[in-house]
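Me: Please take a close look at one part of this structure, the largest pocket, and work outward from there. Which elements line the pocket, and what surrounds them?

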Amino acid sequence: MITPKLFAKLPDYISTPDSMTIDRHGNLVLSCPNFADGQPGVVVRFDKNRNISKWFEVPVHPETGVARNMGIEFDDDWNLYICDNQAWSGAPELAFKGRMLKVTVDDEGNILKCVTVAKNMEHPNGVRIRDGYMYLTQSMLSKVKDPSGKLVSCVYRFGLDEQDIEVTNTLEDKHIIATFVTQHPQVQYGADGIALDKEGNLYVGNFGDGEIYRITFNPDGSVKENKSFAKDSSQLVSTDGMVFDDAGNMYIADFNVNAICKMYPDGRLERIAQSPDCDGLDGGLDQPGEPIVWNGMIVASCFDLVTDETKVNTKHEMPATLSMLEL
């Protein structure tokens, strides 16, 4: 196994780091919803020397006065798409207030434009972009009742030119391209991590089941197949954020057991790093939320907040941290 090392201790205005992407300058961009302490949701950047700077605060919801930014991704014009997961905390006044934002920000952090692509969402989480479309996981569809009684979740596909879409969080939403049912009796949390391979196939992690699905498409863009691609509970327990490297290997944050798993192109899973319950200050994987491949290493955000009988993590500690695995 690879021994995780400390990538960065984060400043005190960050309590829960989450999703990452890379900007036009090669900087590592980190989305921080700050669920742990209620501070404003922020986006920060690391330069090649790992110096961190605050880029901007995410525009707040006009009704709730907060922003809770999770998944992020750039389009080809360097607009930043942001999953504003208002209701993640469970606060009743934030229910069904989630948004998908498209934000244009200059290098100094000035917000030049902010467009709401979709609104009234229950639980928007991860986002990827390809060929003029945005693919978005919604981890819960509580209004949809599966006959089994288990949780339903889904993936939406929005055109990059769409805006102000009124999401109903039901199967009537025409933008839904795939749904999932989470079987795990204790971890009822669904579609979370999302990634696209070089061929344009979409991979979605069903968090509670630790299972990765592959969605393939017909030439007209319709879904050809949504099928389980990888599952091995001895190597992967939960599927949070995930990312491909240039060789077609995928790295997955195993949130529940403080681990990073590697998925080979044939679907074989291998746990490559794992930490016990820790505070992350020595570089340990302190409830990893998402990995990214950056400058020859895997950087993992340490969410470090959720505690229950299915999690290795037992408490939240400050300062927040990022971990890294040298490749």
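Reply: Start with the lining. Six strands each supply at least two residues to the wall of the largest pocket: strand 2, strand 6, strand 10, strand 15 (191-196), strand 19 (242-244) and strand 23. The model is predicted. The pocket has a volume of about 870 Å³. Its lining counts 37 residues, and the closest to the pocket centre are Glu 73, Arg 128, Leu 196, Val 243 and Phe 244.

Take strand 2 and its sheet. Strands 2, 3, 4 and 5 form an open sheet in the order 2-3-4-5, with antiparallel pairing. Strand 2 (20-22) and strand 5 (52-57) are the edges; each has a single partner strand, so one side of each lacks a neighbour in the sheet. From one strand to the next, the twist averages 25 degrees.

Now cross that sheet, strand by strand. Three bridges pair strand 2 with strand 3 in the antiparallel sense. Met 20 has Leu 30 of strand 3 as its bridge partner. The hairpin of these two strands has five residues between the strands, and Gly 26 there takes a positive phi near 85 degrees. Strand 3 (residues 28-32) is mostly covered, with five of its five residues buried. Leu 28, Leu 30 and Cys 32 are buried on one side, Val 29 and Ser 31 on the other. In a regular strand, side chains alternate between the two faces of the sheet. Five antiparallel bridges then join strand 3 to strand 4. Cys 32 stands opposite Val 42 in strand 4. Strand 4 (residues 42-46) and strand 5 also run antiparallel, joined by five bridges. Val 44 has Lys 54 of strand 5 as its bridge partner.

Strand 6 belongs to another sheet. Five strands make up this open sheet, in the order 6-7-8-9-13, and the pairing is mixed. Strand 6 and strand 13 (165-166) are the edge strands, each pairing on one side only. Four bridges join strand 6 to strand 7, and the two run antiparallel. Phe 74 stands opposite Leu 80 in strand 7. The loop between strand 5 and strand 6 (69-74) holds His 61. His 61 is buried, at a relative accessible area of 7%. Beyond its neighbours within four places in sequence, His 61 is in contact with Val 66, Gln 86, Lys 97 and Arg 99.

Strand 10 leads to the nonpolar interior. The largest nonpolar core has 20 residues, and Met 100, Met 134, Tyr 156 and Phe 158 have the most contacts inside it. Two or more residues of this core come from each of strand 7 (80-84), strand 9 (111-121), strand 10 (124-130), strand 11 (133-138) and strand 12 (152-159). Strand 12 gives the most, with four residues. Another core lies apart from this one; it has 18 residues, including Phe 7, Leu 10, Val 42 and Ala 320. In soluble globular proteins, nonpolar side chains tend to be buried together. Back in the largest core, Met 100 touches residues well along the chain, among them Tyr 81, Val 115, Val 127, Met 134 and Leu 136.

Strand 23 brings in Pro 291. This residue is found in strand 23 (residues 288-294). Pro 291 is buried, with a relative accessible area of 1%. Among the residues that Pro 291 touches are Met 20, Met 242, Val 243, Tyr 251, Ile 252 and Ile 260. Pro 291 and Met 250 are 41 residues apart in sequence, yet 9.7 Å apart in space, C-alpha to C-alpha.

Those contacts point to strands 20 and 21. Strand 20 (residues 250-254) and strand 21 run antiparallel over five bridges. Ile 252 has Cys 261 of strand 21 as its bridge partner. Four residues separate the strands in this hairpin, where Asn 258 takes a positive phi near 55 degrees. Strand 21 (residues 259-263) has five of its five residues buried, so the rest of the structure largely encloses it. Both of its faces are covered: Ala 259, Cys 261 and Met 263 lie on one side, Ile 260 and Lys 262 on the other. Five bridges join strand 21 to strand 22 (residues 269-274), again antiparallel. Ala 259 has Gln 274 of strand 22 as its bridge partner. That hairpin has five residues between its strands, and Gly 267 in the turn has a positive phi of about 95 degrees.

Notes
Residues numbered from 1 in each chain as written. Predicted model: local features only at pLDDT ≥ 70, side-chain atom pairs only at ≥ 80, totals over all residues. Heavy atoms only, no water. Pairing = 2+ DSSP bridges. Axes fitted to C-alpha atoms, helices over the stretch in contact; angles between N-to-C directions. Core = buried A, V, L, I, M, F, W, Y, C linked by side-chain atoms within 4.5 Å. Buried < 20%, exposed > 50% of the residue type's maximum accessible area, 1.4 Å probe, protein only. Contact = heavy atoms within 4.5 Å. 1 Å grid on protein atoms, 1.4 Å probe; cavity = no way out; pocket = protein on both sides within 12 Å on 5 of 7 lines; lining within 4 Å. Points joined across faces, edges and corners; volume = space filled by probe spheres on them.
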